[in-house]
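Please open the model in your viewer and keep the selection tool at hand. The tour goes from one selection to the next, saying at each stop what is there.

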Amino acid sequence: MSKVTVVGSGFVGATVAQYLADKDISDVCLVDVVEGMPQGKSLDMMQAAAVHGFDRKMVGANDYAATKGSDIVVITAGIARKPGMSRDDLLKTNANIVQQVAKETIKYSPDAIFIVVTNPLDVMTYLTWKTTKLPASRVIGMAGVLDSARFQAFIAMETGFSVQDVRAMVLGGHGDLMVPLTRCATVNGIPIANFLSQEKIDEMVKRTQNGGAEIVSLLKTGSAYYAPGSSVVQMVEAILKDQNRLLPCAVLADGEYGLKDVYIGLPTVLGREGVKRIVELKLEKEEAESLKKSADSIKENIDLMNKLLVAV
Ligand code: TXD
(Lines give C-alpha, C1' and ligand atoms only; values in the text may rest on other atoms or scores of the structure.)
Protein backbone atom coordinates (compact mmCIF):
# COMPACT_ATOMS: atom_id res chain seq x y z
CA MET A 1 0.00 0.00 0.00
CA SER A 2 1.27 3.45 -0.84
CA LYS A 3 2.15 5.90 1.89
CA VAL A 4 1.49 9.62 1.77
CA THR A 5 2.96 12.01 4.34
CA VAL A 6 1.13 15.27 4.89
CA VAL A 7 3.18 17.89 6.72
CA GLY A 8 1.02 20.56 8.30
CA SER A 9 -2.07 18.95 9.84
CA GLY A 10 -4.19 22.08 9.83
CA PHE A 11 -7.32 22.57 7.76
CA VAL A 12 -5.94 21.60 4.35
CA GLY A 13 -3.60 18.87 5.65
CA ALA A 14 -6.30 17.11 7.68
CA THR A 15 -8.78 17.34 4.79
CA VAL A 16 -6.23 15.74 2.46
CA ALA A 17 -5.71 12.92 4.97
CA GLN A 18 -9.43 12.36 5.33
CA TYR A 19 -10.13 12.22 1.58
CA LEU A 20 -7.13 9.93 0.97
CA ALA A 21 -8.41 7.45 3.51
CA ASP A 22 -12.06 7.77 2.48
CA LYS A 23 -11.17 7.11 -1.14
CA ASP A 24 -8.95 4.19 -0.11
CA ILE A 25 -5.97 5.71 -1.90
CA SER A 26 -3.12 5.38 0.60
CA ASP A 27 -1.94 5.09 4.18
CA VAL A 28 -1.34 8.51 5.68
CA CYS A 29 1.21 10.00 8.06
CA LEU A 30 0.17 13.41 9.42
CA VAL A 31 2.91 15.65 10.82
CA ASP A 32 2.72 18.99 12.62
CA VAL A 33 4.74 21.07 15.07
CA VAL A 34 1.79 21.28 17.43
CA GLU A 35 2.19 18.47 19.95
CA GLY A 36 -0.52 15.83 19.97
CA MET A 37 -2.60 17.47 17.22
CA PRO A 38 -1.64 15.19 14.30
CA GLN A 39 -1.89 12.19 16.62
CA GLY A 40 -5.34 13.29 17.75
CA LYS A 41 -6.61 13.92 14.23
CA SER A 42 -5.31 10.62 12.86
CA LEU A 43 -6.77 8.68 15.79
CA ASP A 44 -10.12 10.39 15.18
CA MET A 45 -9.95 9.39 11.48
CA MET A 46 -9.03 5.79 12.37
CA GLN A 47 -12.21 5.71 14.42
CA ALA A 48 -14.20 7.13 11.52
CA ALA A 49 -12.83 4.19 9.52
CA ALA A 50 -15.00 1.90 11.61
CA VAL A 51 -18.05 3.72 10.28
CA HIS A 52 -16.89 4.44 6.74
CA GLY A 53 -15.27 1.06 6.37
CA PHE A 54 -11.81 1.92 5.05
CA ASP A 55 -8.73 -0.08 5.95
CA ARG A 56 -6.10 2.61 5.56
CA LYS A 57 -3.59 3.14 8.34
CA MET A 58 -3.29 6.68 9.68
CA VAL A 59 -0.61 7.86 12.08
CA GLY A 60 0.23 11.25 13.49
CA ALA A 61 3.64 12.47 14.57
CA ASN A 62 5.67 15.51 15.61
CA ASP A 63 8.94 14.07 14.33
CA TYR A 64 9.96 12.98 10.88
CA ALA A 65 11.06 9.39 11.57
CA ALA A 66 7.41 8.36 11.15
CA THR A 67 7.42 9.68 7.56
CA LYS A 68 10.05 7.16 6.42
CA GLY A 69 9.54 5.58 3.01
CA SER A 70 6.70 7.83 1.82
CA ASP A 71 5.72 7.66 -1.85
CA ILE A 72 4.37 11.20 -1.76
CA VAL A 73 5.01 14.11 0.60
CA VAL A 74 2.41 16.88 0.68
CA ILE A 75 3.58 20.15 2.23
CA THR A 76 0.84 22.32 3.71
CA ALA A 77 2.85 23.61 6.67
CA GLY A 78 2.93 27.34 7.11
CA ILE A 79 1.13 30.27 8.54
CA ALA A 80 -1.58 32.46 7.09
CA ARG A 81 -1.07 36.20 6.79
CA LYS A 82 -2.17 37.90 9.99
CA PRO A 83 -3.40 41.47 10.32
CA GLY A 84 -0.47 43.87 10.27
CA MET A 85 1.83 41.32 8.65
CA SER A 86 3.44 42.34 5.38
CA ARG A 87 3.63 40.03 2.36
CA ASP A 88 7.39 39.96 2.80
CA ASP A 89 7.06 38.79 6.40
CA LEU A 90 4.73 36.02 5.28
CA LEU A 91 7.07 35.03 2.49
CA LYS A 92 10.03 34.89 4.86
CA THR A 93 8.20 32.92 7.56
CA ASN A 94 6.71 30.35 5.19
CA ALA A 95 9.97 30.03 3.25
CA ASN A 96 11.76 29.11 6.46
CA ILE A 97 9.07 26.60 7.40
CA VAL A 98 8.92 25.00 3.94
CA GLN A 99 12.70 24.81 3.67
CA GLN A 100 12.93 23.03 7.02
CA VAL A 101 10.09 20.64 6.14
CA ALA A 102 11.65 19.82 2.76
CA LYS A 103 15.04 19.10 4.36
CA GLU A 104 13.57 16.80 6.97
CA THR A 105 11.21 14.87 4.71
CA ILE A 106 13.69 14.22 1.89
CA LYS A 107 16.05 12.61 4.44
CA TYR A 108 13.50 9.93 5.21
CA SER A 109 11.88 9.61 1.77
CA PRO A 110 14.49 10.21 -0.91
CA ASP A 111 12.29 8.52 -3.52
CA ALA A 112 9.18 10.57 -2.83
CA ILE A 113 7.30 12.91 -5.12
CA PHE A 114 6.54 16.26 -3.46
CA ILE A 115 3.29 18.17 -3.79
CA VAL A 116 3.50 21.68 -2.37
CA VAL A 117 0.44 23.57 -1.15
CA THR A 118 1.79 26.32 1.12
CA ASN A 119 1.44 29.89 -0.14
CA PRO A 120 2.84 31.78 -1.94
CA LEU A 121 2.45 28.59 -3.93
CA ASP A 122 4.68 28.93 -6.98
CA VAL A 123 7.56 30.34 -4.94
CA MET A 124 7.29 27.66 -2.23
CA THR A 125 7.31 24.94 -4.89
CA TYR A 126 10.46 26.42 -6.41
CA LEU A 127 12.04 26.49 -2.93
CA THR A 128 11.12 22.84 -2.31
CA TRP A 129 12.70 21.88 -5.62
CA LYS A 130 15.90 23.77 -4.74
CA THR A 131 16.02 22.38 -1.19
CA THR A 132 15.37 18.72 -2.02
CA LYS A 133 17.58 18.86 -5.15
CA LEU A 134 15.15 16.42 -6.77
CA PRO A 135 14.50 16.39 -10.51
CA ALA A 136 11.80 18.99 -11.22
CA SER A 137 9.49 16.20 -12.43
CA ARG A 138 9.16 15.14 -8.79
CA VAL A 139 8.34 18.51 -7.23
CA ILE A 140 4.90 19.82 -8.16
CA GLY A 141 2.71 22.62 -6.86
CA MET A 142 -1.07 22.40 -6.35
CA ALA A 143 -3.03 25.44 -7.45
CA GLY A 144 -4.24 24.99 -11.03
CA VAL A 145 -6.51 22.06 -10.16
CA LEU A 146 -8.14 24.20 -7.46
CA ASP A 147 -8.42 27.32 -9.59
CA SER A 148 -9.90 25.25 -12.43
CA ALA A 149 -12.33 23.56 -10.01
CA ARG A 150 -13.51 26.98 -8.90
CA PHE A 151 -13.96 28.15 -12.48
CA GLN A 152 -15.85 24.91 -13.28
CA ALA A 153 -18.08 25.34 -10.25
CA PHE A 154 -18.99 28.89 -11.31
CA ILE A 155 -19.74 27.76 -14.89
CA ALA A 156 -22.04 25.04 -13.55
CA MET A 157 -23.78 27.51 -11.23
CA GLU A 158 -24.29 30.06 -14.01
CA THR A 159 -25.43 27.64 -16.74
CA GLY A 160 -27.36 25.28 -14.51
CA PHE A 161 -25.68 22.24 -16.12
CA SER A 162 -24.16 19.45 -14.04
CA VAL A 163 -20.64 20.29 -12.95
CA GLN A 164 -19.73 16.78 -14.12
CA ASP A 165 -20.09 18.00 -17.70
CA VAL A 166 -18.03 21.14 -17.20
CA ARG A 167 -14.32 21.12 -18.09
CA ALA A 168 -11.99 24.10 -17.87
CA MET A 169 -8.34 24.84 -17.27
CA VAL A 170 -6.67 27.70 -15.47
CA LEU A 171 -2.97 28.33 -16.08
CA GLY A 172 -0.43 30.74 -14.63
CA GLY A 173 0.51 31.62 -11.08
CA HIS A 174 -1.76 31.12 -8.09
CA GLY A 175 -2.89 34.71 -7.62
CA ASP A 176 -4.62 37.64 -9.25
CA LEU A 177 -2.63 37.03 -12.44
CA MET A 178 -3.84 33.48 -13.06
CA VAL A 179 -4.95 32.78 -16.64
CA PRO A 180 -8.31 31.02 -17.08
CA LEU A 181 -8.47 29.66 -20.66
CA THR A 182 -12.06 30.70 -21.33
CA ARG A 183 -12.13 29.63 -24.99
CA CYS A 184 -11.22 26.05 -23.93
CA ALA A 185 -13.92 25.82 -21.26
CA THR A 186 -16.77 23.56 -22.34
CA VAL A 187 -19.95 21.85 -21.24
CA ASN A 188 -19.47 18.34 -22.59
CA GLY A 189 -17.37 19.63 -25.46
CA ILE A 190 -19.53 22.65 -26.28
CA PRO A 191 -17.70 25.96 -25.70
CA ILE A 192 -19.26 27.99 -22.88
CA ALA A 193 -19.73 31.00 -25.19
CA ASN A 194 -22.76 29.07 -26.52
CA PHE A 195 -24.44 29.44 -23.15
CA LEU A 196 -23.03 32.58 -21.55
CA SER A 197 -22.50 36.19 -22.60
CA GLN A 198 -18.96 37.60 -22.74
CA GLU A 199 -19.91 39.85 -19.84
CA LYS A 200 -20.91 36.86 -17.69
CA ILE A 201 -17.74 35.00 -18.66
CA ASP A 202 -15.59 38.00 -17.69
CA GLU A 203 -17.41 38.18 -14.37
CA MET A 204 -16.71 34.49 -13.70
CA VAL A 205 -13.05 34.93 -14.59
CA LYS A 206 -12.78 37.73 -12.00
CA ARG A 207 -14.58 35.63 -9.42
CA THR A 208 -12.18 32.74 -10.09
CA GLN A 209 -9.16 35.01 -9.75
CA ASN A 210 -10.60 36.24 -6.49
CA GLY A 211 -11.78 32.75 -5.45
CA GLY A 212 -9.53 32.35 -2.43
CA ALA A 213 -10.21 35.84 -1.10
CA GLU A 214 -13.98 35.40 -1.44
CA ILE A 215 -13.83 32.39 0.90
CA VAL A 216 -11.48 34.15 3.34
CA SER A 217 -13.85 37.09 3.60
CA LEU A 218 -16.73 34.74 4.41
CA LEU A 219 -14.85 32.51 6.86
CA LYS A 220 -13.09 35.47 8.49
CA THR A 221 -10.61 33.19 10.23
CA GLY A 222 -8.69 30.85 7.93
CA SER A 223 -8.98 30.03 4.26
CA ALA A 224 -10.51 27.38 2.00
CA TYR A 225 -9.76 23.72 2.61
CA TYR A 226 -12.41 21.41 1.14
CA ALA A 227 -11.72 22.19 -2.52
CA PRO A 228 -7.95 22.58 -1.90
CA GLY A 229 -7.95 19.20 -0.11
CA SER A 230 -9.79 17.42 -2.91
CA SER A 231 -7.52 19.04 -5.51
CA VAL A 232 -4.43 17.65 -3.78
CA VAL A 233 -6.04 14.22 -3.59
CA GLN A 234 -6.82 14.27 -7.33
CA MET A 235 -3.11 14.87 -7.99
CA VAL A 236 -2.03 12.16 -5.53
CA GLU A 237 -4.40 9.67 -7.15
CA ALA A 238 -3.21 10.57 -10.65
CA ILE A 239 0.37 9.89 -9.57
CA LEU A 240 -0.11 6.71 -7.54
CA LYS A 241 -2.44 5.14 -10.11
CA ASP A 242 -0.30 6.29 -13.03
CA GLN A 243 -3.38 7.81 -14.64
CA ASN A 244 -1.76 10.12 -17.22
CA ARG A 245 -4.21 12.84 -16.28
CA LEU A 246 -3.84 16.19 -17.98
CA LEU A 247 -4.01 18.63 -15.06
CA PRO A 248 -2.81 22.17 -14.60
CA CYS A 249 -0.01 22.04 -12.01
CA ALA A 250 2.78 24.34 -10.91
CA VAL A 251 5.82 22.93 -12.70
CA LEU A 252 9.29 24.14 -13.60
CA ALA A 253 9.17 25.70 -17.04
CA ASP A 254 12.20 24.83 -19.11
CA GLY A 255 11.56 26.79 -22.27
CA GLU A 256 7.89 25.79 -22.62
CA TYR A 257 5.67 28.75 -23.47
CA GLY A 258 8.87 30.81 -23.74
CA LEU A 259 9.32 30.59 -19.95
CA LYS A 260 12.37 29.38 -18.07
CA ASP A 261 13.58 28.93 -14.47
CA VAL A 262 10.18 29.59 -12.98
CA TYR A 263 7.54 27.41 -11.34
CA ILE A 264 4.16 28.25 -12.83
CA GLY A 265 0.84 26.57 -13.63
CA LEU A 266 0.97 24.76 -16.98
CA PRO A 267 -0.92 21.78 -18.49
CA THR A 268 0.89 18.76 -17.13
CA VAL A 269 0.62 15.01 -17.64
CA LEU A 270 0.76 13.36 -14.19
CA GLY A 271 1.70 9.74 -13.65
CA ARG A 272 3.76 7.46 -11.45
CA GLU A 273 7.01 9.32 -12.02
CA GLY A 274 5.40 12.68 -11.30
CA VAL A 275 5.38 15.13 -14.19
CA LYS A 276 5.57 13.00 -17.34
CA ARG A 277 5.51 16.02 -19.60
CA ILE A 278 4.33 19.56 -19.97
CA VAL A 279 1.85 19.98 -22.81
CA GLU A 280 2.40 23.02 -25.01
CA LEU A 281 -0.78 24.54 -26.42
CA LYS A 282 -0.95 27.22 -29.02
CA LEU A 283 -2.01 30.22 -26.98
CA GLU A 284 -3.68 33.33 -28.28
CA LYS A 285 -1.63 36.50 -28.07
CA GLU A 286 -3.51 37.85 -25.07
CA GLU A 287 -3.24 34.54 -23.17
CA ALA A 288 0.49 34.30 -23.84
CA GLU A 289 0.97 37.87 -22.62
CA SER A 290 -0.98 37.19 -19.44
CA LEU A 291 1.07 34.05 -18.79
CA LYS A 292 4.31 36.01 -19.27
CA LYS A 293 3.09 38.71 -16.88
CA SER A 294 2.21 36.09 -14.30
CA ALA A 295 5.64 34.44 -14.69
CA ASP A 296 7.41 37.80 -14.29
CA SER A 297 5.59 38.43 -11.03
CA ILE A 298 6.52 34.95 -9.70
CA LYS A 299 10.15 35.53 -10.69
CA GLU A 300 10.20 38.79 -8.73
CA ASN A 301 8.96 36.90 -5.70
CA ILE A 302 11.54 34.16 -6.15
CA ASP A 303 14.27 36.83 -6.19
CA LEU A 304 12.79 38.45 -3.12
CA MET A 305 12.63 35.10 -1.32
CA ASN A 306 16.28 34.39 -2.14
CA LYS A 307 17.24 37.74 -0.61
CA LEU A 308 15.08 37.21 2.46
CA LEU A 309 16.45 33.69 3.04
CA VAL A 310 20.04 34.95 2.78
CA ALA A 311 19.20 37.72 5.25
CA VAL A 312 18.07 35.19 7.92
O1 TXD B 1 -4.14 26.49 -3.82
C2 TXD B 1 -3.37 26.44 -2.89
N3 TXD B 1 -2.11 26.12 -3.10
C4 TXD B 1 -3.82 26.75 -1.52
C5 TXD B 1 -2.82 27.15 -0.56
C6 TXD B 1 -5.15 26.55 -1.12
C7 TXD B 1 -5.49 26.63 0.20
C8 TXD B 1 -4.53 26.92 1.24
N9 TXD B 1 -3.27 27.35 0.76
C10 TXD B 1 -2.16 27.48 1.71
O11 TXD B 1 -1.92 26.24 2.36
C12 TXD B 1 -2.41 28.44 2.85
O13 TXD B 1 -2.21 29.77 2.43
C14 TXD B 1 -1.35 27.98 3.82
O15 TXD B 1 -0.07 28.50 3.45
C16 TXD B 1 -1.33 26.46 3.63
C17 TXD B 1 -2.07 25.70 4.72
O18 TXD B 1 -3.38 26.19 4.86
P19 TXD B 1 -4.30 25.71 6.07
O20 TXD B 1 -5.62 26.35 5.91
O21 TXD B 1 -4.23 24.23 6.23
O22 TXD B 1 -3.55 26.40 7.31
P23 TXD B 1 -3.54 25.94 8.83
O24 TXD B 1 -4.85 25.32 9.20
O25 TXD B 1 -3.04 27.09 9.60
O26 TXD B 1 -2.46 24.76 8.88
C27 TXD B 1 -1.10 24.96 8.75
C28 TXD B 1 -0.43 24.00 9.71
C29 TXD B 1 -0.71 24.33 11.19
O30 TXD B 1 -1.31 23.21 11.84
C31 TXD B 1 0.69 24.61 11.76
O32 TXD B 1 0.85 24.18 13.10
C33 TXD B 1 1.57 23.83 10.80
O34 TXD B 1 0.99 24.06 9.52
N35 TXD B 1 2.97 24.21 10.82
C36 TXD B 1 3.97 23.32 10.74
N37 TXD B 1 3.96 21.99 10.61
C38 TXD B 1 5.14 21.35 10.56
N39 TXD B 1 6.34 22.01 10.62
C40 TXD B 1 6.39 23.35 10.75
N41 TXD B 1 7.57 23.97 10.81
C42 TXD B 1 5.17 24.06 10.81
N43 TXD B 1 4.86 25.38 10.95
C44 TXD B 1 3.51 25.45 10.93
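Begin by selecting strand β2, residues 27–31, where 5 of the 5 residues are buried, so the strand is largely enclosed by the rest of the structure. Bear in mind throughout that you are looking at a predicted model. If you colour the two faces of β2 separately, you will find Asp-27, Cys-29 and Val-31 on one side and Val-28 and Leu-30 on the other, with both faces covered and all of these residues buried. Pause on Cys-29, which has a relative accessible area of 0% and is therefore buried, the cut-off being under 20%.

Now add strand β1, residues 3–7, to the selection, and you will see that β1 and β2 pair in the parallel sense over 5 bridges. General background helps here: strands of a sheet pair through backbone hydrogen bonds, and they do so either parallel or antiparallel. To follow one of these bridges, select Val-7, whose bridge partner in β2 is Val-31.

From Val-31, move to Val-12, which lies in helix α1, residues 11–22. Is Val-12 buried or exposed? At 16% relative accessibility, Val-12 counts as buried. A distance drawn between the C-alpha atoms of Val-12 and Val-31 comes to 12 Å, while in sequence the two are 19 residues apart.

Next, select helix α5, residues 144–159, and draw a line between its end C-alpha atoms, which are 22 Å apart; at 1.5 Å a residue, its 16 residues should span 22 Å, so the two values agree. How many of the 16 residues of α5 are buried? The count is 12, so this helix is largely enclosed by the rest of the structure. Among the buried residues of α5 are Leu-146, Phe-151, Phe-154 and Ile-155, and Asp-147 and Arg-150 are also buried. Step just past the end of α5 to reach Gly-160, which takes a positive phi of about 85°.

Then turn to an open sheet of 3 strands, selecting them in the order β7-β10-β11, and note that their pairing is antiparallel. Strands β7 (166–167) and β11 stand at the edges, and because each has a single partner strand, one side of each is left without a neighbour in the sheet. Strand β10, residues 186–187, is joined to β11 by 2 bridges, the two strands running antiparallel. For a closer view, pick Thr-186, whose bridge partner in β11 is Pro-191.

Stay with β11, residues 190–191, and select Ile-190, which is found in this strand. With a relative accessible area of 40%, Ile-190 is partly exposed. Switch on the surface and add Phe-161 and Phe-195, which together with Ile-190 make a nonpolar surface patch of about 240 Å².

For the cysteines, the count of disulfides comes to 0. Cys-184 is in no disulfide, since a disulfide needs sulfur atoms within 2.5 Å and the nearest cysteine sulfur, that of Cys-249, is 17 Å away. At 33% relative accessibility, Cys-184 counts as partly exposed.

The last stops concern charged side chains, and a search of the whole structure finds 15 salt bridges. Which residues are linked with Glu-237 in a network of salt bridges? Select Lys-23 and Lys-241, which with Glu-237 complete that network. Between the side chains of Glu-237 and Lys-241, the distance from N to O is 2.7 Å. Glu-237 counts as buried at 13% relative accessibility, whereas Lys-241, at 47%, counts as partly exposed.

Continue to Lys-260, which forms a salt bridge with Asp-254, the closest N and O atoms being 2.5 Å apart. Lys-260 counts as partly exposed, at 42% relative accessibility.

Finish on helix α9, residues 285–311, where Lys-285 and Glu-289 are 4 residues apart and are separated by about one helical turn. As a general point, an α-helix has 3.6 residues a turn, so residues three or four places apart point the same way. The side chains of Lys-285 and Glu-289 meet in a salt bridge, with 3.3 Å from N to O. With the surface shown, you can view Lys-285 as exposed, its relative accessible area being 66%, and Glu-289 as partly exposed, with a value of 44%.

Notes:
Residues numbered from 1 in each chain as written. Predicted model: local features only at pLDDT ≥ 70, side-chain atom pairs only at ≥ 80, totals over all residues. Heavy atoms only, no water. Patch = residues over 30% accessible without salt bridge, like charges linked within 9 Å, V, L, I, M, F, W, Y side chains within 5 Å. Areas by Shrake-Rupley, 256 points an atom, 1.4 Å probe, with all protein chains shown as cover. Salt bridge = Lys/Arg side-chain N within 4 Å of Asp/Glu carboxyl O. Buried < 20%, exposed > 50% of the residue type's maximum accessible area, 1.4 Å probe, protein only. Pairing = 2+ DSSP bridges. Expected span 1.5 Å × (residues − 1).
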